Amino acid sequence: MPAEDSSAPLRLSVLDQSVSLAGSSEDTAIRDTLSLAQYCESLGYHRFWLSEHHGLPTIVGTAPEILMAAIAARTERIRIGSAGVMLPHYSALKVAEQFRVLEALAPGRIDLGVGRAPGSDMRTAQALNPNAHAAAELFPQQVRDLQAWTSLPRHLGITAHPLSPHAPEIWVLGSSDYGAQLAAQFGLPYAFAYFFTDGQGAEQAMALYRDNYQPSERHPAPQATLCVWALAADTQEEALHHALSRERWRCDRQRGLFRPLQAPSEVAARGFEPDEWAIVESMRRKAFVGSAAQVAEKMRALAAQYGLDELVVNTWAYDPGVRRRSYALLASEFNLT
């Protein structure tokens, strides 16, 4: 299958995870997500996606469908989506109904991204769904049911309400070959979580998706994107300083420690242990961090490599103003407005 038209202008979208900050409250992180969505719409971003995680003191966006409703009421143009709903936790019919309601609130603007991963530890996953292990094996059938209830809408003798002339656009999300092959089989758009793995596995997953794509009525050709972590600032030095917060978090995660994002000044004062430098140096070699021109150059090269016309940007920063500045610099660099 051919790649998307790489000659088209590159569109940028946003993935927000409602990251909590040390010294601030988790509910503040949720409210910041809402204001960030409005800001990114004003900058010209194409989509604003929201993740689903559970039981984590760092990523506190547990209910993307609720945040989507609040964002729909505050925006007019930008597409709003889940990235994603962890489908094995739920009934496909209930998810279809939720997203039909969202489609009624924001017609033609709703993306329904779904994933198979638990988005949590297994104890939390079992609390969400006591049959979590078995449910994950049923993921392909759930996706098929979701396709039916969001587009027909009558399926298995049941109608998913409310009825609407529009239907949410389903995306399959993943960071492995599994999601790529499933999206290809069902003729659905596919988003690879490049930032999960620092790009490892992306080339194979994208090739599998395009080579095995089965055209569907809504998507006659493959539609794919990568989600990257990027941070732009006025200078490379400034960007590298603010990236310390995420570097500290990644090192702590390797030790099984999850906590709110730390201030970069505190991270710099503490430094890194000798065994942590391998993690930090690996991140920096692959990072989309620097001035706007530096980050944009890497992003354009990545999009060209994979033949993409859209990239999704995830940015963490301890200071919300730094994060907004990063999105604004990239919007200017890519002429989004």
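The exercises below concern the nonpolar cores and salt bridges of a predicted model.

**Exercise 1. The nonpolar cores**

Task: State how many residues the largest nonpolar core has, which residues have the most contacts inside it, and which helix gives the most to this core.

Solution:
1. The largest nonpolar core comprises 74 residues.
2. Tyr 45, Leu 226 and Met 299 have the most contacts inside this core.
3. Helix α13, residues 292-306, gives the most to the core, namely seven residues.
4. Apart from this core lies another one, of 25 residues; among them are Ala 83, Leu 231, Trp 249 and Leu 261.

**Exercise 2. The surroundings of Tyr 45**

Task: Identify the residues that Tyr 45 touches, not counting residues up to four places away in sequence.

Solution:
1. With that exclusion, the residues touched by Tyr 45 include Leu 12, Ser 13, Val 14 and Cys 40.
2. Arg 77 and Ile 78 are also touched by Tyr 45.
3. The list is completed by Tyr 327, Leu 330, Ala 331 and Leu 336.

**Exercise 3. A salt bridge between two helices**

Task: Locate the partners of the salt bridge between Glu 247 and Arg 284, and decide whether each is buried, partly exposed or exposed.

Solution:
1. The structure holds 17 salt bridges. In the one between Glu 247 and Arg 284, the closest N and O atoms are 2.9 Å apart.
2. Glu 247 belongs to helix α10 (residues 236-254) and Arg 284 to helix α12 (residues 277-286). The pair links distant parts of the chain, 37 residues apart.
3. A residue is buried under 20% relative accessible area and exposed over 50%.
4. Glu 247 has 4% relative accessibility and therefore counts as buried.
5. Arg 284 has 33% relative accessibility, so this residue counts as partly exposed.

**Exercise 4. Further salt bridges**

Task: Describe the salt bridge of Arg 259 with Asp 252 and that of Asp 275 with Arg 255.

Solution:
1. The closest N and O atoms of Arg 259 and Asp 252 are 3.2 Å apart.
2. Arg 259 is partly exposed, its relative accessible area being 25%, whereas Asp 252, at 3% relative accessibility, counts as buried.
3. For Asp 275 and Arg 255, the closest N and O atoms are 3.5 Å apart.
4. Asp 275 lies in the loop between α11 (264-270) and α12, and Arg 255 in the loop between α10 and α11. These partners are 20 residues apart.
5. Asp 275 counts as exposed because its relative accessibility is 53%; Arg 255, at 48%, counts as partly exposed.
6. Elsewhere, Arg 11, Arg 47, Arg 79, Asp 111, Glu 169 and Glu 310 are joined into one network by salt bridges that share partners.

How values were computed. Residues are numbered from 1 along each chain as its sequence is written. This is a predicted model: local features need pLDDT of at least 70, side-chain atom pairs count only at pLDDT 80 or more; totals for chains, interfaces and linings use all residues. Side-chain values use heavy atoms; hydrogens and water are left out. A nonpolar core is a set of buried Ala, Val, Leu, Ile, Met, Phe, Trp, Tyr and Cys residues joined through side-chain atoms within 4.5 Å. Buried means under 20% relative accessible area, exposed over 50%, partly exposed in between (1.4 Å probe, protein chains only). Helices (H or I, at least four residues) and strands (E, at least two) are DSSP runs, numbered from the N terminus. Contact means heavy atoms within 4.5 Å. A salt bridge is a side-chain nitrogen of Lys or Arg within 4 Å of a carboxyl oxygen of Asp or Glu.
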